[in-house]
Structures are given as C-alpha cells and as structure tokens.
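Here's a quick walk through one protein model and the two ligands that come with it. Have a look at the sequence and the structure, then read on.

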Amino acid sequence: MEIFKRMEHHDYEQLVFCQDKTSGLKAIICIHDTTLGPALGGTRMWNYATEEEAIEDAIRLGRGMTYKNAAAGLNLGGGKTVIIGDPLKDKNEEMFRAFGRFIQGLNGRYITAEDVGTTVADMDLIHEETDFVTGISPAFGSSGNPSPVTAYGCYIGMKAAALEAYGDDSLEGKTVTVQGVGNVAYTLCEYLHKEGAKLIVTDINQEAVDRAVEAFGAVAVAPNDIYSQDADIFAPCAMGAIINDDTIPQLKVKVVAGSANNQLKEERHGDELEARGIVYAPDFVINSGGVINVADELYGYNNERAMKRVETIYDSITKIFAIAKRDGIPSYQAADRMAEERIERVRNSRSQFLRNEHNILSRR
Ligand SMILES: NC(=O)C1=CN([C@@H]2O[C@H](COP(=O)(O)OP(=O)(O)OC[C@H]3O[C@@H](n4cnc5c(N)ncnc54)[C@H](O)[C@@H]3O)[C@@H](O)[C@H]2O)C=CC1
Ligand SMILES: CC(C)CC(=O)C(=O)O
C-alpha cells in the first residue's frame with residue numbers, strides 16, 4: 001500500500017503506528033480531520049487478516065468519524081484506532097496502558113472511546129494513563145458504555161426512515177432483519193420488540209443469536225441468508241461494506257437503517273439503493289448516538305443534556321431525506337453534503353480571525 005498516496009485521497013492529517021513489544025500492542029491511530037476540534041472516535045480491536053486490511057479499516061473509520069461528528073453538530077474532528085488482535089484472546093492490562101500512553105503523547109489531538117472488540121473496562125485501563133478517553137466507568141462521573149445510546153439513536157432514526165418509506169413511523173408489525181446482534185443490536189432489538197416489530201436475526205456468534213431468539217422470539221437465519229429475507233427493514237449492525245454488488249440484488253426491504261459503520265462498500269452502492277427505491281438512513285447519522293453521548297463527557301457528563309441531543313437524530317434523518325429530495329440526490333450524498341458544509345463554514349470563519357487556541361478541551 002502506498003500510504004501517503006492513500007492519505008492524500010480524502011486528505012488525511014495523520015496516521016500513528018503504535019508498537020509495544022511487551023504487551024503485544026499493534027495499533028494504528030487515524031486522525032482524519034481536526035478542523036472542528038480534536039479527533040474523537042473509538043478503538044476497534046479485530047483479528048485483521050493483514051496489516052493492509054487494518055490500515056484500510058482505520059482510514060475508512062477515521063474519515064467516517066469526521067462526517068459523523070460534523071453532522072451531529074459536535075465541535076470535534078474525526079479519528080479512529082484499530083488494534084490488531086483477537087479481543088477474546090490477546091487483551092492484557094499492559095496493552096491498554098501502553099496504548100493510553102501513545103494517546104497521551106498526542107496531547108489531545110485524538111480522544112478515544114469504545115468500538116467493536118473494546119469495553120468500558122478497557123477504557124478504564126487507558127484512563128490510567130491519559131484523560132483523552134471517554135466512555136469510561138460511570139464511577140468516574142462518565143457516561144459508560146455508549147452502545148445502548150447508539151441503539152436508541154438507531155431506533156429513532158429507523159422510525160424516521162420508516163416514515164419516509166411508509167408514510168408512518170410506527171414499527172409495529174414491521175419485519176426487521178438484524179445483521180449482528182452484539183452490543184448495539186441487542187438493545188435495538190429490545191426497542192423494536194417492545195414496539196411490536198417482528199425480528200429476523202443473524203450473527204456469526206451462536207450465543208448472540210440464541211440470546212435474541214430467547215428474549216425477543218426472533219427468528220434465526222444463517223449469516224448469508226439475512227439479505228434475501230421477506231422483510232420491511234434491514235438493520236446492518238455488524239461490520240462495514242455489506243451493501244455491495246452481491247447483497248443489493250438480494251434485498252427485498254424498503255429501508256436500510258442500522259448501526260454499522262461504513263455500510264456502503266462504495267458510494268455507487270448508495271446510488272444503487274436509491275435507484276431501487278430503497279430508503280437508506282445514512283450510517284454516520286443514524287449511529288451517532290454513542291458519540292454524542294461520550295462527547296458530552298468533555299463538558300462534564302449530563303445524561304439529560306446528552307439524551308436531548310441524541311433525540312435530534314430523528315430530525316436529522318428527516319432533514320437529510322428532505323435535502324435529498326430537494327436537490328435530487330441520494331440520501332448518502334445529502335448527509336455528506338450536510339457534514340462537509342459545516343466543516344467548510346467553520347474553516348472559513350476561522351480564517352477571518354487571529355488563531356484562537358480556545359477549543360473544547362479548554363474546559364477540562
Ligand atoms: N458500540 C457503539 O456505540 C457503536 C457501534 N457502531 C458500529 O455498530 C456496529 C456494531 O457495534 P457493536 O454492537 O458495538 O459491536 P459488537 O462487536 O458488540 O457486535 C457486532 C456483532 O456482529 C457480529 N458479526 C460480525 N461479523 C458478522 C457477520 N459477517 N455476520 C453476522 N454477524 C456478524 C459479531 O459476532 C457481534 O455479535 C459496528 O459496525 C460498530 O462500528 C457505530 C457507532 C457506535
Ligand atoms: C463508539 C462511539 C463512542 C464512537 C465511535 O467510534 C463511533 O461512533 O463509531
């Protein structure tokens with residue numbers, strides 16, 4: 001991989017490679033854009049097949065956070081970390097403490113939180129070495145696990161998408177297919193079940209499937225069969241790039257609305273959904289509840305204030321569909337435009353004044 005060439009494409013600021021032999025830490029921190037403020041984005045631990053795959057994931061996820069934070073109206077830039085390793089086997093205390101020291105070395109340019117494969121306990125270990133970490137234990141006055149809040153944002157975003165597709169935001173009686181019933185999707189299923197939706201679930205982890213079947217009467221299907229189910233809404237809640245040339249022709253749903261990051265393999269797959277009349281709730285907007293919640297820690301965490309902001313996801317999704325219609329563009333482009341315009345406005349307004357070092361971290 002030609003790394004600088006890859007960074008020039010979409011204008012990445014910084015990639016940091018972190019290695020610690022004692023603990024086995026191999027991490028890549030991607031800081032995409034800090035125009036709006038320090039880069040905030042979670043840490044994913046995953047058993048990547050190759051280093052290239054890990055770099056590519058960090059890069060795609062880091063840029064996604066720039067758009068997510070901008071669209072959510074946060075004064076934060078975008079970044080993400082990937083740790084190469086099996087989260088079930090390779091974790092140790094020293095690893096997260098070493099990683100914390102690398103973050104501290106960036107002096108606030110990057111702030112982390114949970115993502116796939118990392119937990120509140122991991123964030124607490126990072127916190128032993130740096131304050132530039134969120135999603136730590138409520139015992140520290142923090143917001144804890146962001147997943148339930150991401151799930152809530154996803155649920156209300158799904159309702160906004162249902163309104164667009166069906167003219168009614170009720171999910172009662174709707175059949176929802178859920179790919180991956182992990183931290184976010186389990187709680188999402190809880191909300192959906194409570195509202196009277198029927199659930200079809202899949203996961204590569206049989207225990208996760210069994211849990212959802214037992215708790216919500218969900219119907220379980222094999223991972224490759226999830227796309228072709230007779231359903232109303234598809235909720236991708238596992239990994240990225242699952243809206244692609246293979247899966248789109250299988251979809252029978254009218255709505256795609258889930259928590260996974262980077263759902264579209266390529267932008268043209270968003271065009272393809274639009275061409276088929278499938279309403280797509282842009283991933284980085286519908287899944288922004290978690291980051292909105294952890295970002296509130298930077299002001300001294302207040303659950304009521306954070307949840308009020310999470311509630312705005314419904315209106316943001318509705319607004320994106322309105323912009324898409326007005327401008328004759330697919331919803332993913334409307335969401336990108338909303339984020340890019342905010343970054344541009346802030347960039348331009350800054351150039352009119354002397355550089356002011358005040359930023360979101362000054363309050364800490
Ligand atoms: N946790 C959070 O607050 C946020 C999560 N997200 C995104 O939402 C997605 C889910 O996140 P979490 O629930 O935290 O992760 P998780 O790791 O708890 O859950 C993911 C689930 O997907 C399953 N899975 C992986 N590959 C699969 C496949 N090919 N087919 C079926 N199932 C598969 C896993 O076994 C796991 O149960 C990820 O893309 C994450 O980046 C986005 C924003 C915030
Ligand atoms: C898990 C969140 C707190 C942050 C993040 O990395 C995301 O929204 O993808």
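Which polar backbone atom does a nitrogen atom of ligand 1 have at 3.5 Å? The one to look for belongs to I204. Bear in mind that this is a predicted model.

**Ligand 1**

Staying with this ligand, its oxygen contacts come next. T150 reaches an oxygen atom of ligand 1 with a polar side-chain atom, at 2.6 Å. N183 uses its backbone instead: an N or O atom there sits 2.8 Å from an oxygen atom of the ligand. On its own, ligand 1 would expose 820 Å², and the protein buries 86% of that. Two helices, α5 (147-166) and α6 (183-195), are the elements that give two or more residues to its shell. That shell counts 21 residues, with T150, N183, D203, A238 and N261 the closest. By type, they split into eight nonpolar, nine polar and four charged.

**Ligand 2**

Now for the other ligand. Around ligand 2 you'll find G41, G42, M65, K68, K80, A113, E114, P146, N261, G290 and V294. Sorted by character, this shell has four nonpolar, four polar and three charged residues. Helices α2 (51-71) and α10 (289-295) each put in at least two of them. N261 is worth a second glance, since it is listed among the closest residues to ligand 1 and also belongs to the shell of ligand 2.

Here are the polar contacts to oxygen atoms of ligand 2:

| Residue | Atom on the protein side | Distance to an oxygen atom of ligand 2 |
|---|---|---|
| G42 | polar backbone atom | 2.7 Å |
| K68 | side-chain N or O atom | 2.7 Å |
| N261 | side-chain N or O atom | 3.1 Å |

As for burial, ligand 2 has 280 Å² of accessible area by itself, and the protein covers 93% of it.

**The sheet**

Away from the contact lists, there's a sheet to look at. It is open, with six strands in the order β9-β8-β7-β10-β11-β12, and the pairing is parallel. Why do β9 (219-220) and β12 (279-280) each have one side without a neighbour in the sheet? Both stand at the edges with a single partner strand, so that side is left free of a neighbour.

At the β9 end, that partner is β8 (residues 198-202), running parallel and joined to β9 by two bridges. One residue pair to pick out is I200, whose bridge partner in β9 is V219. Helix α7 (residues 206-216) packs on the sheet here, touching both β8 and β9. The direction of α7 makes about 165° with that of β8.

Terms used:
Residues numbered from 1 in each chain as written. Chains lettered and ligands numbered in written order. Predicted model: local features only at pLDDT ≥ 70, side-chain atom pairs only at ≥ 80, totals over all residues. Heavy atoms only, no water. Pairing = 2+ DSSP bridges. Helix = DSSP H or I, 4+ residues; strand = E, 2+ residues; numbered from the N terminus. Contact = heavy atoms within 4.5 Å. Axes fitted to C-alpha atoms, helices over the stretch in contact; angles between N-to-C directions. Near = heavy atom within 4 Å. Polar contact = N/O pair within 3.5 Å; in protein donor to acceptor, adjacent residues only side chain to side chain. Areas by Shrake-Rupley, 256 points an atom, 1.4 Å probe, with all protein chains shown as cover. Nonpolar A, V, L, I, M, F, W, Y, C, P; charged D, E, K, R; others polar.
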